[in-house]
Amino acid sequence: MSSHETQISKFDILPNEVLLEIFEYLPPVYTFETFYFLNKRYNSLLLSIRLRVDLFNVSKQIFEYYNYFLFPVVSHCVVSLRCEDVFDRLNHHINLSNFISLEYLTITNIKRSTLKKIIPHINRFPNLMYLNLQMSTEAVMTHELYFEQPMPSIEKCILNFNRRLIIEGEQCYSNLKYLTISQYHIDDLLSFLHIYTPELKYLTITFNNEYNPKALLSITENKHNLESLTVKQCRVPFNRIEKLIFASLPRLKRLNIHAMGIDYADGKRWEILLSTCFPLLKTFFLHTTFPEEDASTPALRTQLLKTFETMYFSSHNLHFAFLYHPSASSIDLFSLPLVTHRIHASLYDTHIEKTMNDINIFENVNELSLFLTTSEANLKLPKSCFSNVKNLKLISRFRQYERLPRNLFVDISNLVTFSTLESLEFIGNTFPSTSFVLLDYTPKLESLSISFSNLIQITKALTDQHTCQQLTKLIKHLNITSVNDLKNLAVLERLPLVFCTLESLSLHLVNPKDLYPLMILILQKMARILKRMSLFIDTYTIEANILNEFTAWLIGYLYSHELERVDMTFEASFPDEIILEICRYLHPVDILLSFGKLNNRLNQTISDFIRHVHLSSIISHENYLHLLRFTLPAIWSSIEALTISNCEVPCLTKLFLDNTENNLPPNLKKLCLFHLNTNEIYKFITRSMSNTMIEELIIECSDTDNAKQQELYGFKIAQMLFYHHPTLKSIELSGEIIFDLSHLSFLSLSNSDDSNSMSIMDVGGSSILRRLTIPLQSLSSLHLLLIYQPDLEYLNVHIGDAKSTCDYKITPFSPLVNLREFHLRSDDLSIKFENIFELSSYFPNLKALSLNLTTECRTFFDGIVLQTLVHKLDSFEFSIARFSPPTCEEQTLSTFYTPFWLETKKWYTQSYWNIDEDNADADYFHIYSVPFPFSNFDVYKCSHENVVSNEKLNSFKNVTRLDLSETSDVNIIPFLKRCPNVHTICLNDIYDDEENYGTDEEEDITDQNDENTSINDIQSIPSYQSPLPRLYNVRYIILLALPEQDLNFFERLVHVSPNLARLSVFFDDLLEIIDLPKKTLCQLLQKCIDQLEINLDYSWSTSDVHRDIPKILRIFSNIKSLKITLHSSQKRSSMIIQEILIQLLKHNRNLISITIDGNLLTGFEQILKGGGIDLIKTWLIESNHCRVQYKYYLKNCIHIELNSSSIAILL
């Protein structure tokens, strides 16, 4: 038998009692790792142990061993559990109801959401004797917390919450002896003691002084046995606590009170109270804090102190002292020795007055904040008075270049015993270069906190050999504050060499750009030794995209360097709040790809993004396949809302249908489809929606071929949506699709004679549709719609510009009694006020009306007449424009400045106009309610404006798109400032009007400068152009026309739009941008634009393609999506398309989505006949692009979509 086997045999013969005694001294995780599954004997022994589990500060690896291996096996054996509410462990990992044998439970750092789940489990522990629940200091409770859990065995309970606690119910805690409770109401305390805790002996309490109207049972007699009372942070007036509490505690033996207010500093009052109310009192501790002005002179302080120098206090050995120093604004009076563990003091200027000298005042203090100042005076504090301090904070009040005290650290050593220090913190900017001499006398020191600049100065940039050796030897927990200006990389490289034994590291950064070098350094050198790392960034320094960019970079870095362990720690170390904050800066698709389907905890955290899926991001075809084939199937039944947008990836709809077998999620309630053509809409509705329970449908069509779409699909779409879907309650149709309900194809829905349109109501039964948004051809179509849908509650209609209302006449129909909101937008210039007035008579219960009209009817511009239409409404919003000049009366808006508009309804009106005496076609007049109610705001030829007063002019928060046409920047800047949420700006010939700058007229228009505009924001722009505001929400700019040889305004607009990502431009204007010497503009566009749309002004030749494509891609080198719309006169289109694709892939490696569009039936038909998608593949292979080689087609890594008017490629 080998020696090894002999050793095992000797251990194996130990009796069970000895083995159990040995196991008592080992953590459960190591005991089970070592002995479990060795044999039946050990398994039986281990399962009989009363386990005590401590999860404080354990690593993720150890926690997972407990959670996935131990707890499922031995949770019934756990009698003691200590844990923190971190990393969502209590929500998604630890199931408290499984620990049925618990006797001791401690949970700290509890979040509000977790507390609601913990409390119901308390009554499931019949043997629970000790309960300690500590609320997180950052958790905010908005309502009272009710506690009514029966705990028959509880003996000691600590409930530390930050919101008022109310205990009620019929239970009685008859075994409770020790109780610590916070935020309890003083009026309820005695009732609580009598009813719930008759045997309570030791109570520690913090009062909530809010009034509680809920009355408890009346007090009948003193049934309690309270012997010790500790009151913390008491702000209740002395006379109230004396009357309500102290007079009813005759058995009290120990009283400890920490109060606020000078009324507690009256010794005579305390003598009377203690001698009369507490005959059995043996111990009394008092600590009261009050403002310095209440006892501002030495005479007043002496007078107060003398009230405690009486025979009563002397005979009971009770002595008191004052403490104050200039660095604090308050004075402390306390009994000796000081009971509080923390104290603030000044090194040289702390004054103490006491009633007895021979006593160690601060023997209980273990945390000291010491203010360091210059002084000619000697120490006033007694020598070695802080002999038991473990945590020392040195707070510097020295000025730069100020002469420091010569014996500074000698004086500190006379007060503080360095050998007991465990934590040292330097706060402030100026410390002696010899400060780390303290390290030679602090053998127990483990934690250090210091600013980055002080660390560099004191350690000589981490080159002082002796100091660095001491840091290496001692420091396990390091906190570096104010990390800034990391230019000296040598210092960074020495950081992991000096602090090579660290367990935790915290860094507080000033400049977010310093994240990158620090993280690379830490991950490369320190990731293997650190157990925990925290990064803090000043919130005011973070721009919208900083966190997004850093997160994306960090995840990529972790994967590329195969740091799987760090990657897992990164996920688990963030609480839900931080992960959700990161998600704010990520696209929903990126959130699903990054966090979806990883584990249950993350699925719970991002549950909103799982229930509401949004597909539109520019990511590779391979990533979309992964999303559609793996991620979405895992969450398929959880999806309640689905949004698909072809705006950034034109072929996304087909990609979705092909990979989901034309199915939609079974529990889908809301479907949104954006930028689809009519054919795609038809496929979605007919193939995918028939078996769903969708209640809300939103569709935006981008197809411009109105005639074809109406004939082929329009009536089928209407039939399916209006009558054949059993659950649709809300439909919103918008875009280029227009329904002509008077068209033969729509009337054929009735399957009857064209003249009998009313019979359409019989098709498919009655509709449950209640909300409808729809574009219609004319008012006649609207008339028919109202007949077909009599139960609508909300109706939003867009009338096209067919000019078909001249012979329009209403055939009487039943009123729409349920209609509450009606919104009408019309581009029909011939629409009349009489049409709207007559139509409104069929809406007897209408409460809200909005009109968005372009019309030649002048009646709409008369407030007196308009009043007859809207006088019964609760809400009326409008935007009305015409192409004719306003009269003088209309310019003043006098008909809208009447008591009805301004006082009765408080509806305010604004206008702008343009009068051109040389060109009548340029005249324009626009009136609208303020704030502007619609999402699209068209500012056309604005030269004059009539604006309401500033106090009534609220920002136009509904506006998301601004169309600015044919005017100067002076006139349109006010509109930019009023629309803070605009994300799309369309420019049509906007120029810089330098002549108006500095004039009174310009100052009147642009007198409200944007508060966010700083000198740094406009440093490259001339001073006369400064009024342009910062446009943080603008992501899309459409250039319809640029002023000739004038790019100034466009450059300024790009400069103040830091989140701009998408640009649409005509080719002539694009060449002007590229060719003109505008280096700053080109740099800005290169940095921000990742989606470019080019509309060709003329037919391209192959030489144009070879010359212009490389030129464009040199400027827009970072684009991920490119769309080129060919000119309608394009010749040899098939060959041009081939050359465009080859040149694009040859000169750009970042492109993910390519679209070539145009009404070139001949060209695209040639491609279809010549081989279609296979022909396009051969073109792409000719480009020698790394992602379009033949092997990638075999792996299905590239998606190509081809139809009669476009080609879409997703790489």
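**Entry 1: two helices side by side**

I began with helix α30 (residues 833–840) and helix α31 (residues 863–870), whose axes come within 10 Å and cross at roughly 20°. Angles under 35 degrees count as roughly parallel, and α30 and α31 are therefore roughly parallel to each other. I also noted the handedness: α30 passes α31 in a left-handed crossing. On the α30 side I found F833, I836, F837 and S840 in the contact, and on the α31 side V865, L866, T868 and L869. Sorted by class, the residues of this contact of α30 with α31 are six nonpolar and two polar, with no charged ones.

A reminder to myself before going on: this is a predicted model.

**Entry 2: the parallel sheet**

Next I looked up an open sheet. How are its eight strands ordered? I read the order as β15-β17-β18-β19-β20-β21-β22-β23, and the pairing is parallel. At the edges I found β15 (342–346) and β23 (532–537), each of which pairs on one side only. From one strand to the next, the twist averages 10°.

I then picked out two strands of this sheet for a closer look. Strand β17 (residues 367–372) pairs with strand β18 (residues 391–396) in the parallel sense, over six bridges. I followed L368 across and found that its bridge partner in β18 is L392.

**Entry 3: a salt bridge between those strands**

I counted salt bridges and came to 18. One of them I wanted to see in detail: K393 forms a salt bridge with E367, and their closest N and O atoms are 3.8 Å apart. Which parts does this pair tie together? K393 lies in strand β18 and E367 in strand β17, so the pair links parts that are 26 residues apart in sequence. I was pleased to meet β17 and β18 again here, having just seen them pair over six bridges.

**Entry 4: the mixed sheet**

I moved on to an open sheet of 10 strands, with the order β36-β38-β39-β40-β41-β42-β43-β44-β46-β45. Its pairing is mixed. I marked β36 (936–940) and β45 (1199–1202) as the edge strands, since each pairs on one side only. For this sheet the twist averages 10° from one strand to the next.

Inside it I looked at strand β42 (residues 1091–1095) and strand β43 (residues 1121–1125), which run parallel and are joined by five bridges. Tracing E1093 across to β43, I found K1123 as its bridge partner.

**Entry 5: helices α3 and α5**

What is the angle between helix α3 (residues 28–35) and helix α5 (residues 60–74)? I noted about 70°, with the axes 11 Å apart. That makes α3 roughly perpendicular to α5. From α3, the residues P28, V29, Y30, F32 and E33 take part, and they meet I62, Y65, Y66, L70 and V74 in α5. By class I have nine nonpolar residues, no polar ones and one charged in the contact of α3 with α5.

**Entry 6: helices α37 and α39**

Another helix pair caught my eye: helix α37 (residues 1067–1075) and helix α39 (residues 1102–1115), which pack at an angle of about 60° with their axes 11 Å apart. I wrote them down as oblique to each other. The crossing in which α37 passes α39 is left-handed. In α37, I listed F1067, L1070, L1071, I1074 and D1075; these meet D1108, K1111, I1112 and I1115 in α39. The contact of α37 with α39 has six nonpolar residues, three charged and no polar ones.

**Entry 7: backbone details**

I finished with the backbone. Where did I find cis peptide bonds? One joins L336 and P337, with omega about -5°. I placed P337 in the loop between β14 (330–335) and β15, and β15 is an edge strand of the sheet in Entry 2. Another cis bond runs from V930 to P931, with omega near 0°. P931 lies in the loop between β35 (924–930) and β36, and β36 is an edge strand of the sheet in Entry 4.

My last stop was N109, which is not a glycine but has a positive phi of about 60°. I located N109 in strand β3 (residues 104–110).

Conventions: Residues numbered from 1 in each chain as written. Predicted model: local features only at pLDDT ≥ 70, side-chain atom pairs only at ≥ 80, totals over all residues. Heavy atoms only, no water. Axes fitted to C-alpha atoms, helices over the stretch in contact; angles between N-to-C directions. Parallel < 35°, antiparallel > 145°, perpendicular 65-115°, else oblique. Left-handed = near helix turned anticlockwise from the far one by under 90°. Contact = heavy atoms within 4.5 Å. Nonpolar A, V, L, I, M, F, W, Y, C, P; charged D, E, K, R; others polar. Pairing = 2+ DSSP bridges. Salt bridge = Lys/Arg side-chain N within 4 Å of Asp/Glu carboxyl O.
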